[in-house]
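Welcome! Open your viewer, switch on the cartoon display and get ready to click along.

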Amino acid sequence: MHPDVEKVLLSTAELKNKVTELGQILSRDYAGKNLLAVGILKGAMVFMADLIRNISVDVQIDFMAVSSYGASSKSTGVVRIMKDLEQNIEGRHVLIVEDIVDTGLTLNYLLEILKAREPASVRVCTLLDKPSRREVDVSVNYNGFSIPDEFVVGYGLDYNEKYRNLPEIYVLKKEVYQK
Ligand code: XMP
Ligand code: MG
């Protein structure tokens with residue numbers, strides 16, 4: 001284990017099983033439809049890569065990047081689009097793919113922007129949810145795991161751009177971010 005992490009929260013096996021399950025549910029729910037999966041960079045990229053390989057309906061992918069926490073582990077509520085979609089989503093079935101929903105502020109903002117572009121539908125699939133931290137009421141249609149209020153890294157999630165490459169999801173040692 002990496003010396004900066006306290007413990008494994010979700011193992012590779014647990015992640016794999018959940019992603020398979022989510023893929024099956026999505027394949028069923030979007031049967032007969034053409035899906036556009038929108039991954040939110042950078043955190044969702046590992047989850048997205050695994051998820052789409054478990055979806056059996058036709059799926060196209062695109063990405064958005066929004067400003068995140070930077071070097072702090074607290075949300076500022078300020079969300080800025082750093083990279084927008086490449087395509088017009090009018091009339092499309094859009095699935096936002098997120099790594100984690102925390103306060104909900106990022107997602108709330110993204111949903112507003114995307115709904116204004118008149119897609120046929122917009123739903124949200126997140127690998128992780130921290131319900132105890134929610135500040136805005138935002139609907140999450142597909143959730144992998146609800147987790148306690150601890151800062152987690154790995155499987156695409158970072159602290160200060162580190163740890164994204166770690167294969168599992170870990171709780172980061174408090175001394176790493178409480179300086
Ligand atoms: P909000 O608060 O807007 O935040 O729902 C969503 C974004 O915050 C980041 N985030 C985390 N990143 N470990 C991380 O690596 C965490 O425990 C964590 N909690 C929130 C993440 O970028 C997410 O997209
Ligand atoms: Mg993110």
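Our first stop is ligand 1. Select Val-152: one of its backbone N or O atoms lies 2.6 Å from a nitrogen atom of ligand 1. Keep in mind as you look that this is a predicted model.

Next, pick Asp-158, where a backbone N or O atom is 2.7 Å from an oxygen atom of ligand 1. At Asp-102, a backbone N or O atom sits 2.9 Å from an oxygen atom of the ligand. The protein covers 94% of the 500 Å² of accessible area that ligand 1 has on its own.

Now show the whole shell. You should find 17 residues around ligand 1, with Thr-103, Gly-104 and Thr-106 among the closest. Seven of the shell residues are nonpolar, four are polar and six are charged. Which element gives the largest share of this shell? Colour strand 5 to see it: four residues come from there.

From strand 5, step out to the sheet. Six strands form an open sheet with mixed pairing, in the order 4-3-2-5-6-7. Its edges are strand 4 (81–83) and strand 7 (142–146), each pairing on one side only. From one strand to the next, the twist averages 30°.

Zoom in on strand 2 (residues 35–41) and strand 3 (residues 59–66), which run parallel and are joined by seven bridges. Here Leu-41 stands opposite Ala-65 of strand 3.

Finally, add two helices. Helix 2 (residues 45–52) packs on the sheet, touching strands 2, 3, 5 and 6. Helix 1 (residues 12–29) lies across strands 5, 6 and 7, at about 160° to strand 7.

Key:
Residues are numbered from 1 along each chain as its sequence is written. Chains are lettered from A and ligands numbered from 1 in the order in which they are written. This is a predicted model: local features need pLDDT of at least 70, side-chain atom pairs count only at pLDDT 80 or more; totals for chains, interfaces and linings use all residues. Side-chain values use heavy atoms; hydrogens and water are left out. A residue is near a molecule or strand if one of its heavy atoms lies within 4 Å of it. A polar contact is a pair of N or O atoms within 3.5 Å; within protein, one must be able to donate a hydrogen and the other to accept it, and residues adjacent in sequence count only if both atoms are side-chain atoms. Accessible areas come from the Shrake-Rupley method with a 1.4 Å probe; for residues, only the protein chains shown count as cover. Ala, Val, Leu, Ile, Met, Phe, Trp, Tyr, Cys and Pro count as nonpolar, Asp, Glu, Lys and Arg as charged, and the others, Gly among them, as polar. Two strands pair if DSSP finds at least two bridges between them. Axes are lines fitted to C-alpha atoms, for helices over the stretch in contact, and angles run from 0 to 180 degrees between N-to-C directions. Contact means heavy atoms within 4.5 Å.
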